[in-house]
Amino acid sequence: MRPSRILIIVLLVVAMSAAPPALAEETKAGFDLTLRDAVARALAQHPSVARADAVGSRASAIVQRAQAAWFPSLTVSGTLHQYEEPMIAWPIHRFDFAAIPPFDETLIQGSLQLDYTLFNGSRVPRIRQAKRHVDAALYGTGAAEQQLMASVVAAYLSVLSAQELLRAHDRRYEALTAELDRVRQLHAVGRAADVEMARAEAALAGADADRVQAQGRLDVARRDLARLIAETPDIMMATQLYPVSLSGYDGPDQTAALSSALSSNPEYLAKRNEMQAAEAGRSAARGARWPSVSVRGTLTEYRDGEGNNTNEWHALAMIGVPIFTGGVIAGQVSEAEAAYRVASEDLRLTEDRITSEVDRAVAQVRESHARVQSLTRAVESLEEVVRIEKLRLETGSQTQTDYLQAEAELLSARAGLIEARHGEMIARTTLARVTGTLNTHWIEQNVE
């Protein structure tokens, strides 16, 4: 093989092997993601919302089917009979030899039938029941959306908390690295003991271990957020999130919050509509004991194989009264009564749970706000303590242990403040969800 051909083949192999990493780097390119964008992306594709929408569509179809009982039904049918012996082509209505129809082995019959129910004791309750199911499904969709929004806010804040915590560990690591360098310089000239060197190295190693743990926590938080917004973890690793904060604080009123929850919480409203649907189902089951009245009209064409034909029509009115059904109606009524009791108790349980959630959410908002204020003052004080301890350590008027202890306390306070700030946002979001006021507009108005 000529050397030029060998060179061309080598270049092609190198180019082909270099292409996938370039594509991978392009795939892993991140983007800017605000909290509002994250919520919008989740609402657009998350299966919980899609499932709730599907439930609503199914309930609407049931309403359509139930309302069809108000309309007449029109049916067209046809039959073809082939007999071994000739058969009368159409019915005989009188003993008249002149009116005897023809006989043929092939008979064709077509009919147009109209049926209409004038009265049925279950029709109206069934329609009312179906409509209540639709309302319950709509509120169920609202509940799914609010729960998803709360989950996205919590996941977004978890990523921000983990990022800030990692930065706090980085600052501590840098401070301890500087302290270790200082001790090494002093140790080199015989002005620092071996124990100070060992203490500084141990503190730095512990800070490094804590930083690794914080990095792992950040990776998990990013993956959780990626699942909610249907992104890949690789892209989320390179995505830029924006810090958020609350726009002011109004102490929650527990009485007003509970009143809002019982009037606006979509989960509670869904349960209430389910109970109303069960009540309508109970009325429908009882309505089966009432008589039903219906009418029918039929137009029939008879034709033989020779092409002879005639048309006839007939109409009838029917009334049906259930006298004995072997316990079917009684069983249906008992089942509907039990379903109503189940729905009623479900509503009571939901009310109790929402009341408890309101109590916890209000307490959590107040507690987290007070904790943020306390930890803010604590961080400011500890930053000053660390600054003073570092100066005293450099001048030789303080021990290394006190400085390292101050650094550890500052890290703990910073981590607590980060979690407290985001905990307050999550608590406010939870309270908005429980009271039924959580939506994209609420996020825009309350989160900056």
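In this predicted model, the largest pocket has 18 residues in its lining, and Val 55, Ala 136, Ala 137, Gly 140 and Glu 274 are the ones nearest its centre. The space inside this pocket comes to about 450 Å³. Three helices, α3 (47-67), α4 (123-188) and α8 (266-287), each contribute at least two residues to the lining. Sorted by character, the lining residues of the largest pocket comprise 10 nonpolar, 3 polar and 5 charged.

The second largest pocket can be described in the same manner. Its volume is about 310 Å³. Here, too, 18 residues form the lining, and those closest to the centre are Asp 250, Pro 252, Arg 428, Leu 431 and Trp 442. Two or more lining residues come from each of α7 (254-264), α10 (400-434) and α11 (440-446). The lining of the second largest pocket consists of 8 nonpolar, 7 polar and 3 charged residues.

It is helpful to return to α3 and α4, two of the helices that line the largest pocket. Their axes come within 8 Å and cross at roughly 170°. Angles over 145 degrees count as roughly antiparallel, and α3 and α4 are therefore roughly antiparallel to each other. On the α3 side, the residues in contact include Ser 48, Val 49, Ala 52, Asp 53 and Val 55, while their partners in α4 include Arg 126, Ile 127, Ala 137 and Gly 140. Overall, this contact of α3 with α4 involves 13 nonpolar, 7 polar and 4 charged residues. Val 55, Ala 137 and Gly 140 thus appear in this helix contact and also among the residues nearest the centre of the largest pocket.

Attention can now turn to a single residue, Ser 122, found in the loop between β3 (103-119) and α4. Is Ser 122 buried or exposed? With a relative accessible area of 12%, Ser 122 is buried, because buried means under 20%. Leaving aside residues up to four places away in sequence, Ser 122 touches Ala 284, Gly 287 and Ala 288.

Finally, how many cavities of 30 Å³ or more does a search of the whole structure find? The search finds 1. About 40 Å³ of space lies within the largest cavity. Its lining is made up of Leu 35, Val 153, Leu 157, Val 244, Leu 246, Met 425, Thr 429, Trp 442 and Val 447. Of these lining residues, 8 are nonpolar, 1 is polar and none is charged. At least two of them are supplied by α4, and at least two by α10. Trp 442 lines this cavity and is also one of the residues closest to the centre of the second largest pocket.

Key
Residues numbered from 1 in each chain as written. Predicted model: local features only at pLDDT ≥ 70, side-chain atom pairs only at ≥ 80, totals over all residues. Heavy atoms only, no water. 1 Å grid on protein atoms, 1.4 Å probe; cavity = no way out; pocket = protein on both sides within 12 Å on 5 of 7 lines; lining within 4 Å. Points joined across faces, edges and corners; volume = space filled by probe spheres on them. Helix = DSSP H or I, 4+ residues; strand = E, 2+ residues; numbered from the N terminus. Nonpolar A, V, L, I, M, F, W, Y, C, P; charged D, E, K, R; others polar. Axes fitted to C-alpha atoms, helices over the stretch in contact; angles between N-to-C directions. Parallel < 35°, antiparallel > 145°, perpendicular 65-115°, else oblique. Contact = heavy atoms within 4.5 Å. Buried < 20%, exposed > 50% of the residue type's maximum accessible area, 1.4 Å probe, protein only.
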